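Got your viewer open? Let's take a walk through this model, one selection at a time.

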Amino acid sequence: MTEGVEPNSPDAPVPRTAVSDHGRLFRAERDQHITEYHTHIAATLGALGDQQWAGPDSVRVPLAARMHSPIRDRRDLRRALLATILGSEPEPQGIHIVHGMPGCGKTAVALTVFDEAVGGHGITGLWVNASSTTSFRAGMLAVASDRGASQDEVDAARAGRRPAADLVWHYLDRSAERWLLVLDNADEPTIFQEPGWLRSSPRGTVLVTTRRGAALLWHGAVSHPLGVLDVSDAVDVLLDFQVGDTDLAALEQLAHSLGCHPLALMLAGTYLGQQVVEPVTVHDYLQRLRHDPSTVLDLGAEPGERDLRRLISSTWQLSLDALHRQGLPEATTVLRVLSCYAPDPLPVGLLTPSRLDATALAQADPPLVGGRANAAVMGLKSQSLVSLQDVPGDSGRPTVRTVQAHALLLDTVAARIPLDQRDIVLTAAAELLSQLLATSDDQYIDSQSLRLFAPHATALLRRSAGTSSRALTPALAVVRGLRVQSYARGDYATAHALGEAAAAATRDDATPDALADRHELARTFTGTGRFAEAVDLHQATLDARETLLGADHPDTLASAHALGLALYGLGRFTEDEQHMRRAADGRHRALGPEHPDTLESRACLSDAIGEQGRWAEAEALARPNLALSERALGVEHPHTLQSRIALAWVLSRNDQLDEAETLARATLSGGERVLGPEHPRTLNAQDLLAGILLRQGNWPEAEHIARIVAEARERVLGPEHPHTLAIQARLARILIGAGHRQQARDLVAHTLAASTRVLGPEHPGTLNCREVYELATTEEHT
């Protein structure tokens, strides 16, 4: 949807042209018959002494672009407005404000309601362009003339010999016909500078479209915020333009890429639908969008388009220009800084005066000093360029005030930061994040900060990568720091997103740091259950590290250890043992027997040996390893917990259940205190305890614990993570033992299908599921 602009406004200083038939995007719920009202395009001139005055061609015809697409959205809003317009005559119909970000379709909504009221219900429609004082006053005087004012009365009001607002509302209040008055594009409420221009009347309804949803002038009016479309409507809009690609998945991807922004959808659909000589696929269009979205989108505009509101490249700039006229030029710089981050909610604490003043933004153009930040943010909010919202904090913590902007707005602004400003803005954005997230070496960033700032760190790194900006180094440092802490907290999904960003930024490098980025990315593949991808990347990184650093370098040994873990996930235990033994022995030589890394590799090696049925050998390795870890690191060190659960697992599989239970419970309580109750390693200890209780025949407690683990893993890791599937299979075994065979059969049938799809038919986890399924089925028929 696009917003119209009156041809004589400052935004469109060109001769009047015929109204085109495109622009609004809605859904028709039934066949529609819309009457169009035409007028001859000729200026009505009135003489005032030596001056000439040109009024609007008509106030009965909306001077806005007509629809290309059927009515597609805003159903509830249209119904509500139409019900108000058609209300009982004695009741004042009131003032209604439709407001939202640039290009969201405010004018289109007004135009649709106008057509429905006029063409379908006989309401007199009056349309005034309110984008400037000149066009607004001229339009309102034309309204007075339309409602019965004489030319002498209009001339007197125009010349200031009588109050113009009183004249207009005198005739509106005495209109013999019910009316709808649309004041379109009232983005600068200062045009209503004389008191009395905005009134309600028992004879009609006033409908204002504006970007300024929070203006004091609207006090008492009914507010109707307008956002973007939902995905289904957005896809339908693209289909209306006959884009040539009916792959709904591709169209959904395009709609998501455009943030379901109505103007962007219209421009993209127009361009794709008009490519006859050499059709452009949606995939190709998406590729082009990534480089310069505003330029690519504007290709869908009419040739020679002069209406700046109908061009993505300029529609935001109109609001920034308005803020500049209001004395807020620094709003442009604030928006440029915001464009370095993600479209997710950004805590406003990032923009505190002291932090801003510690950057070089005072040398930006326009300059931004900390003391002006609040006014700039509120100015952006007033123009619907950003929104402020309170995001719930973590449990027991207060809400967080955040600022947020649409993704397309941020992409467009970021792509058009002047070259001489880009380094200043990007570097400042990186420094702001670094300042906020800085901690001492022995402190962790809290989980709330990780959740809120991780998407902004990855977006900043993507903006900085491939440039010569000084921002790349601090941006990369922030991403790497957040990645390490996310992984340590067991938030593997966040660590993976951060890992991908860092690895992409250093993809072409062959330095130790670049190889560390690939190593950490591969570790997140393992954490998220993508074991095959982890094996491939770990193997490549291991080979590169051996060449660059040597076979016994700690980084090379770390790759061997991580490769063993990924192989364990695939059930390739012999290969796991090979690499884990290399890591354990190498770390023993290079780092010493009591180093945490050495102890962890030895614990994992005992797992690999045990999986091959060599229980005595596994216990002989795991038991002294735990004693050494307790002595060297302490009983609740994370690596000691890993050594303890390794021994507990070996003992449980070797039928030493009482000692295994004691060790599992100790590991669980320690994990809850040190790592948290939903950390993957804590859940592993609970999983093991449920398995031990299963073998002891303690069905009630085993089922209770298994259900806790299953629910937590589904929430933390996802419903088809291999570990989630594993606990579901264990729960099914418990249900069989407790006599709930039908529940077990239903559960394991789903788990078996998912395991076969995710892990493959011959994976040990899938084979275990099949065994449980057969057991449930057999016992059910027995």
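Start by selecting strand S9 (387-391) and strand S10 (residues 400-404). These two run antiparallel and are joined by 5 bridges. Strands pair here if DSSP finds at least two bridges between them. Helices (H or I, at least four residues) and strands (E, at least two) are DSSP runs, numbered from the N terminus. To see one bridge up close, click on Asp390: its partner in S10 is Arg401.

A quick word on what you're looking at: this is a predicted model, where local features need pLDDT of at least 70 and side-chain atom pairs count only at pLDDT 80 or more, while totals for chains, interfaces and linings use all residues. Residues are numbered from 1 along each chain as its sequence is written, and side-chain values use heavy atoms, with hydrogens and water left out.

**Widen the view to the sheet**

Now add S8 (346-347) to your selection. You have an open sheet of 3 strands, in the order S8-S10-S9, with antiparallel pairing. S8 and S9 are the edge strands, each with a single partner, so one side of each has no neighbour in the sheet.

**Just before S9**

Step back to Ser384, which sits in the loop between H14 and S9. Ser384 isn't a glycine, yet its phi is positive, about 60°. Ser384 counts as buried because its relative accessibility is 15%; buried means under 20% relative accessible area, exposed over 50%, and partly exposed in between (1.4 Å probe, protein chains only).

Go further back, to Pro366, in the loop between helix H13 (353-357) and helix H14 (373-382). Look at the peptide bond from Asp365 to Pro366: the bond is cis, with omega near 0°.

**Peek into the cavity**

Which residues line the largest cavity? Select Leu338, Tyr341, Ala342, Asp344, Leu346, Val403, Gln404, Ala405, Leu410 and His456. That lining divides into 7 nonpolar, 2 polar and 1 charged. For this split, Ala, Val, Leu, Ile, Met, Phe, Trp, Tyr, Cys and Pro count as nonpolar, Asp, Glu, Lys and Arg as charged, and the others, Gly among them, as polar. The volume of the largest cavity is about 60 Å³, and the structure holds 1 cavity of 30 Å³ or more.

How is such a space found? On a 1 Å grid over the protein atoms alone, a cavity is a set of points where a 1.4 Å probe fits but cannot get out, and lining residues have an atom within 4 Å of a point. Grid points are joined across faces, edges and corners, and the volume is the space filled by probe spheres set on the points.

**Jump to S5**

Next, select strand S5 (179-184). Is S5 mostly enclosed or open? 6 of its 6 residues are buried, so S5 is largely enclosed by the rest of the structure. Show the side chains: Trp179, Leu181 and Leu183 point one way, while Leu180, Val182 and Asp184 point the other.

Now bring in the partners. Strand S4 (residues 124-129) pairs with S5 in the parallel sense over 6 bridges, and 5 bridges join S5 to S6, also parallel. Leu180 makes a handy landmark: Gly125 stands opposite Leu180, and so does Thr205 in S6.

Follow the chain out of S5 to Asn185, in the loop between S5 and strand S6 (204-210). Asn185 has a positive phi, near 60°, and is buried, with a relative accessible area of 1%.

**On to helix H31**

Select H31 (residues 741-759). At 1.5 Å a residue, its 19 residues should span 27 Å, and its end C-alpha atoms are 25 Å apart, which agrees. (The expected span is 1.5 Å times one less than the number of residues.) Colour the buried residues Ala744, Val748, Thr751, Leu752, Ala754 and Ser755.

Zoom in on Ser755, which is buried at 1% relative accessibility. Not counting residues up to four places away in sequence, Ser755 touches Leu725, Gly760, Gly765, Thr766 and Cys769; contact means heavy atoms within 4.5 Å. Leu725 is 30 residues from Ser755 in sequence but 6.7 Å away in space, C-alpha to C-alpha. Just after H31, Gly760 takes a positive phi of about 105°.

**Zoom out**

Finally, show everything. The protein has 32 helices and 10 strands, and 53% of its 782 residues count as buried.

Key
On a 1 Å grid over the protein atoms alone, a cavity is a set of points where a 1.4 Å probe fits but cannot get out, and a pocket is an open set with protein on both sides within 12 Å along at least five of seven lines; lining residues have an atom within 4 Å of a point.
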